[in-house]
Every structure is written in C-alpha cells, then in structure tokens.
Amino acid sequence: MASAKGNVRPSEDQKAEVTVDENSQLKDGGDGGAGVAAFNDKERFRRIGLNELENVPITLALMAYSVFQPLASNEVNIAMASTFLLGRIMQSVCYAYGLQPWRSIGWMLGVISTLGFVVNIIYGAFK
C-alpha cells in the first residue's frame with residue numbers, strides 16, 4: 001500500500017506556513033510567496049483514492065455479513081448502505097474542493113453507517 005510522503009496535510013487542515021521545494025507535494029498558492037501553499041490537485045486526488053481504500057473494504061465486509069445475517073433488519077441495511085454511499089460521496093467531493101466542515105460531516109455519516117451495520121449484525125444475532 002502506498003503511503004503519503006512526510007506529514008503534509010491539505011491546506012484546509014493546516015494553518016501553519018510550509019516551505020515548498022520542487023519535490024514537494026505542494027505548489028505555490030499564488031499568494032506572492034507569502035509562505036501559504038495550496039495542496040497539489042494530483043496529490044489531493046491520490047489521497048482521496050487511498051482514503052477510499054482504507055475505509056470502504058471494512059464497510060463492504062460488514063454490509064455483506066449483515067445482508068446474509070438471516071435475522072438482521074433489511075430496512076436498516078438499506079438505510080445504512082444509502083447513508084454510507086451519501087457520506088462517502090459527500091466526503092470525497094468535499095475533499096476534492098477543500099470544503100470544511102462538510103468533508104468531516106460526510107466522513108461522520110460514513111462512520112455512523114458502518115457502526116449501524118455492526119449494531120444491526122449484533123441485533124440480528126441476539127434476536
């Protein structure tokens with residue numbers, strides 16, 4: 001699995017000034033050299049892809065298990081899958097455009113729906 005170089009964060013996540021060199025993940029933000037850098041678009045989209053690879057597989061596994069759990073609620077499965085899809089799309093689009101706090105809200109929707117699958121599996125197991 002690929003890893004990010006150093007501890008560089010998107011500009012909306014970081015307020016500190018950074019030094020930009022030719023090998024950096026950052027590019028000049030067009031601010032006349034004031035030290036504020038903008039996140040490189042290529043790097044931003046690479047991180048979106050890596051983020052999806054970190055978060056989606058565990059939810060898909062829980063979703064599959066929940067669907068095949070005979071006593072788990074199908075209505076809850078549909079609601080959690082829809083919420084997860086909405087949250088991940090929202091998080092990815094907001095990450096691409098650097099929109100905070102909407103990116104965090106989309107991420108939280110994904111986490112809540114993942115936990116919803118866990119609760120539905122446990123509920124179905126003890127029903």
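The following exchange asks what stands behind the terms used for this predicted model.

User: What do the values for this model rest on?
Analyst: In this predicted model, local features need pLDDT of at least 70 and side-chain atom pairs count only at pLDDT 80 or more, whereas totals for chains, interfaces and linings use all residues. Residues are numbered from 1 along each chain as its sequence is written, and side-chain values use heavy atoms, with hydrogens and water left out.

User: What makes the elements of the chain helices and strands?
Analyst: They are DSSP runs numbered from the N terminus, H or I over at least four residues for a helix and E over at least two for a strand; the chain has three helices and two strands, in the order β-β-α-α-α from the N terminus on.

User: Why is the set of Leu62, Met63, Met80, Phe117 and Ile121 called a nonpolar core?
Analyst: The name applies because a nonpolar core is a set of buried Ala, Val, Leu, Ile, Met, Phe, Trp, Tyr and Cys residues joined through side-chain atoms within 4.5 Å, buried meaning under 20% relative accessible area with a 1.4 Å probe and protein chains only. These five residues make up the largest such core, and helix H1 (41-68) and helix H3 (102-125) each supply at least two of its residues.

User: How do you know that the span of H3 is close to the expected one?
Analyst: The expected span is 1.5 Å times one less than the number of residues; for the 24 residues of H3 this gives 34 Å, and the helix reaches 35 Å from its first C-alpha to its last.

Note on methods:
Buried means under 20% relative accessible area, exposed over 50%, partly exposed in between (1.4 Å probe, protein chains only).
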